[in-house]
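Visitor: Please take a close look with me at a single part of this model, the part where strands lie side by side. I would like to hear what each residue there is doing in space, with every technical term explained when it comes up.

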Amino acid sequence: MPIYFVRHGQSEFNAVFKTGDSDPMIFDAPLTDLGRQQALKAREEIIDLGIRHVITSPLTRAIQTAQLLFPDGISMDVRDGHHELLLHSCDVGRPPKALSNDFPELEFGHLADEWWHSDGTGGISVEPDHVFKARIAQFVRDLDAISERPLLIVGHGNAFHEIIGRKLANCEVHRYR
């Protein structure tokens, strides 16, 4: 049974950041209005795929996208293995308690307080490439243990690039296997 990937919709960070610019310091960036529209459009694409289970990263933009794709209570898990490569402020997550306050219908208790890459300084700690690659490889191995299919995974550009060799556009639907 298939696995599909969907990159999150446009975030507030995506809307203002251009490569080479300084970081606009938008931590755990939520979706923009355009990002929400992109998710609603993608929902039309996936409606007939028979998705039975959704996994989303714990970054706000991914959770919001997943909830817009599936507003009707489909089985949804939050997992941290495929979260974005930490390069910028938007890739710094929030503790489970803060996420639970914003998304009380989802379970976050299994996440560490700092589930994103951190060097313990409290700032933006760029994730080393070898750490990122190992994390993504483990996530891919873990997919084999998930029996509920068809499965849809909502995630991020660099994570999906590491898995399939290209960066997905915002809310692009890609059949992985």
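**A close look at the paired strands**

Guide: Let us begin with strand 4, where Leu151, Ile153 and Gly155 point to one side while Leu152 and Val154 point to the other, and every one of these residues is buried. Buried means under 20% relative accessible area, with over 50% called exposed and the range in between partly exposed, using a 1.4 Å probe and protein chains only. Helices (H or I, at least four residues) and strands (E, at least two) are DSSP runs, numbered from the N terminus.

The model is predicted, so local features need pLDDT of at least 70 and side-chain atom pairs 80 or more, while totals for chains, interfaces and linings use all residues. Residues are numbered from 1 along each chain as its sequence is written, and side-chain values use heavy atoms, leaving out hydrogens and water.

Strand 4 is mostly covered, since 5 of its 5 residues are buried, and strand 1, which runs over residues 3-7, is likewise mostly covered, with 5 of its 5 residues buried. In strand 1, Ile3, Phe5 and Arg7 point one way, whereas Tyr4 and Val6 point the other way, and all of them are buried. When you follow strand 1 in the picture, you can therefore look for side chains on either side of it, with none of these residues outside the buried class.

Next, consider how the strands are joined, where two strands pair if DSSP finds at least two bridges between them. Strand 1 and strand 4, the latter covering residues 151-155, run parallel and are paired over 5 bridges, and within this pairing Phe5 stands opposite Ile153 of strand 4. Strand 4 also has a partner in strand 2 (residues 53-56), to which it is joined by 4 bridges, again in the parallel sense; here Thr56 has Val154 of strand 4 as its bridge partner. Strand 1, for its part, also pairs with strand 5 (residues 173-175), but in the antiparallel sense and over 3 bridges, and Tyr4 has Arg175 of strand 5 as its bridge partner.

Val6 makes a good example of how a residue in strand 1 is surrounded. Val6 counts as buried because its relative accessibility is 0%. Contact means heavy atoms within 4.5 Å, and, leaving out residues up to four places away in sequence, Val6 touches Leu152, Ile153, Val154 and Gly155, together with Leu69, Phe160, Cys171, Glu172 and Val173. The C-alpha atom of Val6 is separated by 8.6 Å from that of Ala42, although their positions lie 36 residues apart along the chain.

Phe5 leads us to the aromatic rings. Rings of Phe, Tyr and Trp (its six-membered ring) pair if their centres lie within 6.5 Å, and planes under 30 degrees apart count as stacked, over 60 as edge-to-face and the rest as tilted. By this rule there are 4 aromatic pairs, among them the stacked pair of Phe5 and Phe160, whose centres are 4.4 Å apart and whose planes meet at 15°. This pair connects distant parts of the chain, because Phe5 belongs to strand 1 and Phe160 to helix 6 (residues 157-164), 155 residues apart. Phe5 is buried because its relative accessibility is 0%, and Phe160 is buried because its relative accessible area is 0%. Elsewhere, the rings of Trp115 and Trp116 have centres 5.3 Å apart and planes at 90°, so this pair is edge-to-face, and both Trp115 and Trp116 are buried. Returning to Phe5, one aromatic cluster is formed by Phe5, Phe160 and Tyr176.

Two residues away from the strands can be read in a similar manner. Pro96 is in helix 4, which covers residues 96-102, and Pro96 is buried because its relative accessible area is 8%. The C-alpha atoms of Pro96 and Phe108 are separated by 5.2 Å, with the two residues 12 places apart along the chain, and, apart from neighbours within four places in sequence, Pro96 is in contact with Phe108, Leu111, Ala112 and Asp113. Glu127 sits in the loop between helix 4 and helix 5 (129-143), and Glu127 counts as buried because its relative accessibility is 5%. Not counting residues up to four places away in sequence, Glu127 touches Glu84, Leu85, Leu86, His117, Phe132 and Arg135.
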